[in-house]
Amino acid sequence: MQIINPATEEIITTLQEDSAESLQKKLKTLQKGQKSWAKTALKKRIAIIEKFSELLAENIEELAATLTSEMGKPLQQARNEINGAKGRIKYFVENSQKYLKDEIMTRQEGLTERISYEPLGVVCNISAWNYPFLVGVNVFIPALIGGNAVLYKPSEFSTLTGLKIEKYLKEAGIPDDIFAVAVGAKEVGEQLLKMPLDGYFFTGSYRTGLYIYEKVAPKMVPCQLELGGKDPLYVAEDVADIQAVAAGTADGAFYNNGQSCCAVERIYVHEKVYDRYVEEFVKEVKSYKIGQPTADGIYIGALSRKSQLDFLEKQVQDAVKKGATLLSGGKAIEGDGYFFEPTVLTNVTHKMDVMREESFGPIIGIMKVKDDKEATKLMQDTEYGLTAAVYTTDKKRAEKILKQVDAGSGYWNCCDRVSAPLPWSGRKNSGFGATLSHAGIRAFVKPKAWHLRG
């Protein structure tokens, strides 16, 4: 399997993909090791994870350079991701003891009722390329703390990062028979679905998630899917600082090249502030520096996948054909690397693909609305349900709108945001289950009820 730098199209290295035989061997090793890992004191497991976080900090430049080279995000954004992962690990380190220890529910004469939490066993983590550290630590960190072994499949677009994660986990003290990396693309993923694993945790597209769910269902094991989104954002007429809101929401749409499941994907703006907002939004987008992600000050690097260039151009063409106005960008940038111009479309409608299908790139449609009712109706009009955002000075107004939108996260005066104490979960085609928060800690264990008389 060739690892290609998306910013230069040069081959970084070639890796040997796993075979069905090598995967079975890794699984047997993990199955044997997991039993002793589960018996390891919780405090010791947590301490090892804390050491892993320290190693991320000590080696941040090496890790950021690797991530940028294979995935294409600007170097500073790669550093930001690693620091963000450290923040999430801190939450798990500080809170896992509280949520995994035995709980006494009833204590009276002759009867004690208790809940204990036991590991699932060997879990499969099929992870994503867009934020390999962030979406990775959401799963493998609480899984390991919970006493599980992990068979981790990084995306073929971030495999080198996955191997670095393995290196530093084991340097921190994770035993060799507790964490293993499955190297490969689609075929390796197919093999994992056939194997007798004790849980599946996938981050990626709706279509792939649906396929995994259908394949895993007969196993009767836990399966969680963190899938895509078509995340809406509404700007009301009472916002205090249009320029600041335009800049902040543009960042929500274009950070990491728009390659985020919770990136802003469609924007609705009240007609009273629409013209000013669009003017400031376009001004902000046109100020973005595009180029080699290793250069200073770059905001827009290369897309990770070459195929996405054609997909985005087709979305633009479909929108323009149906009456949209192209205010900036709209096409791939000529030359080496998978670069696409930051693209802003107005006069969009829900008959256009750009307002219905996940873009996952530096492209946004902005639509004028006359009031909250119209904005809410349009925000609701989607098969996805990951996040939704409202910008207004009135908190109650925002909460009223957000309660009507079936999404896993609601944002007031912010967007494109994840916080470790809060659950990260989708609705509808955005998946199900939860990572992060106490729910994410307990996603990797199974409760046992103890009825103790005497």
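Here are a few short exercises, with solutions, on a predicted model.

**Exercise 1.** How far does helix α4 reach from its first C-alpha to its last, and where is its kink centred?

*Solution.* Start with the ends: α4 covers residues 75-100, which is 26 residues. From first C-alpha to last, α4 spans 37 Å, close to the 38 Å expected at 1.5 Å a residue. Now follow the helix along: α4 has a kink of about 40 degrees, and E94 is at its centre.

**Exercise 2.** Work out what kind of aromatic pair F140 and Y152 form, and whether each residue is buried or exposed.

*Solution.* The model has 13 aromatic pairs. In this one, the ring centres of F140 and Y152 are 5.5 Å apart and the planes make 75 degrees. Planes over 60 degrees apart count as edge-to-face, and that's the label for F140 and Y152. Next, place them: F140 belongs to helix α5 (residues 132-145) and Y152 to strand β6 (residues 149-153), 12 residues apart. Finally, the cut-off for buried is under 20% relative accessible area. F140 has 0%, so it's buried, and Y152 is buried too, at 0%.

**Exercise 3.** Which parts of the chain does the pair Y255 and Y299 tie together?

*Solution.* Y255 and Y299 meet edge-to-face, 6.4 Å centre to centre, with 70 degrees between the planes. Y255 lies in the loop between α9 (242-254) and β11 (264-270), while Y299 lies in the loop between α10 (274-286) and α11 (307-321), so the pair joins parts 44 residues apart in sequence. Y299 is buried, at 15% relative accessible area. Zoom out, and both tyrosines belong to one aromatic cluster with F254, Y277, F281 and Y288.

Conventions: Residues are numbered from 1 along each chain as its sequence is written. This is a predicted model: local features need pLDDT of at least 70, side-chain atom pairs count only at pLDDT 80 or more; totals for chains, interfaces and linings use all residues. Side-chain values use heavy atoms; hydrogens and water are left out. Helices (H or I, at least four residues) and strands (E, at least two) are DSSP runs, numbered from the N terminus. The expected span of a helix is 1.5 Å times one less than its number of residues. The bend at a residue is the angle between axes fitted to the seven residues ending there and the seven starting there. Rings of Phe, Tyr and Trp (its six-membered ring) pair if their centres lie within 6.5 Å; planes under 30 degrees apart count as stacked, over 60 as edge-to-face and the rest as tilted. Buried means under 20% relative accessible area, exposed over 50%, partly exposed in between (1.4 Å probe, protein chains only).
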